[in-house]
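Please read the following walk through one protein model with the coordinates open. It moves from a single residue to the packing, then to the sheet and the cysteines.

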Amino acid sequence: MEKIAVVTGAGTGIGKHTTLALLGSGYSVVATGRRTAKLETLEQEADAGNRLLTIRTDVGNENDVIRLFDVTLSAFGRVDLLFNNAGTGAAPVPMEELTLSQWDRVVATNLTGAFLCTRAAMKIMKYQTPKGGRIINNGSISAQVPRPLSAPYTATKHALTGLTKSTSLDGREFDIVCGQIDIGNAGTEMTSKMGDGALQPDGARRPEPTFDVDGVARAVLYMDSLPLDANVQFLTVIASKMPYSGRG
């Protein structure tokens, strides 16, 4: 049976590479993002015909998310995989300089967006035939340890771990499984400047290594390759020489 996947934040980076990998593995994919031009570029690169549907979506907007899953259900009839990948951060400033609007914007995308998409997916997965499905959250290693000046991003990613665990528990009865992939320094537009120096806890800036983002896409494919009676609850994939383990 062909699998149907929904990928948020699919216009660039991890979301884009994962979408292309899913299409290459025979999935049909509903790809979402806030920038129409990026989604149009994805369509051109994928050249997947009616197996790729792009929908401009602000995942922090409830009406947008309801429409996203209504259109997905109308087009494909089910949802087998949700990859909650959309995320954003705030300016790297001291916490006392953060504005409430900056905080709210990060929370809306990273946490509320993941909740809204999870809620909508579970409503479908519970009652489709065959029932069940898989939800994978992009936690980032910020779900484990913070970077300097990253309170909004780090707080939402820690909270996402709680959402992952709660979704696993609440979906158990319905064959809905939920796992989390924590990623460190995948080579994307967002990490492109790390080679010039990233802020460290001691205040210095040092270059950090990255790894091929296709490794993330392969990890997501592996997580979803398992039958629904098995789950990768947490998976961490990082650049092997990045300052993460120990003290740097």
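In this predicted model, a convenient place to begin is Ile 181. Leaving aside residues up to four places away in sequence, Ile 181 touches Phe 83, Ile 136, Asn 137, Asn 138, Gly 139 and Ser 140, and also Val 216, Ala 219, Val 220, Met 223, Leu 235 and Val 237.

A second, separate core has 21 residues, among them Leu 116, Met 125, Ile 135 and Phe 174. The largest nonpolar core, by contrast, has 35 residues. Ile 181 is one of the residues with the most contacts inside that largest core, together with Leu 22, Val 29, Leu 52, Ile 183 and Val 216. Several elements each supply at least two residues of it: strands E1 (4-7), E2 (28-33), E4 (81-84), E6 (176-184) and E11 (234-238), and helices H1 (13-24), H2 (36-46) and H6 (214-225). Helix H6 gives the most, with six residues. As a general matter, nonpolar side chains in soluble globular proteins tend to be buried together.

The strands can be taken next. Seven of them form an open sheet in the order E3-E2-E1-E4-E5-E6-E11, and the pairing is parallel. E3 (52-56) and E11 are the edge strands; each has a single partner strand, so one side of each is left without a neighbour in the sheet. From one strand to the next, the twist averages 15°. One pairing can be followed in detail: E4 and E5 (residues 133-138) run parallel and are joined by four bridges. Leu 81 has Arg 134 in E5 as its bridge partner.

Two helices can be placed against these strands. H2 lies across E2 and E3, and runs at about 175° to E3. Helix H5 (residues 151-171) lies across E5, E6 and E11, and its angle to E6 is about 160°.

The cysteines remain. How many disulfides does the model contain? With a disulfide taken as a pair of cysteine sulfur atoms within 2.5 Å, the count comes to zero. Cys 117 is in no disulfide, and the nearest cysteine sulfur to it, that of Cys 178, is 12 Å away. Seen from the other side, the closest cysteine sulfur to that of Cys 178 is the one in Cys 117, and 12 Å is too far for a bond. Are these residues buried or exposed? Cys 117 counts as buried because its relative accessibility is 0%. Cys 178 is also at 0% relative accessibility and therefore counts as buried.

Note on methods. Residues are numbered from 1 along each chain as its sequence is written. This is a predicted model: local features need pLDDT of at least 70, side-chain atom pairs count only at pLDDT 80 or more; totals for chains, interfaces and linings use all residues. Side-chain values use heavy atoms; hydrogens and water are left out. Buried means under 20% relative accessible area, exposed over 50%, partly exposed in between (1.4 Å probe, protein chains only). A nonpolar core is a set of buried Ala, Val, Leu, Ile, Met, Phe, Trp, Tyr and Cys residues joined through side-chain atoms within 4.5 Å. Contact means heavy atoms within 4.5 Å. Two strands pair if DSSP finds at least two bridges between them. Axes are lines fitted to C-alpha atoms, for helices over the stretch in contact, and angles run from 0 to 180 degrees between N-to-C directions.
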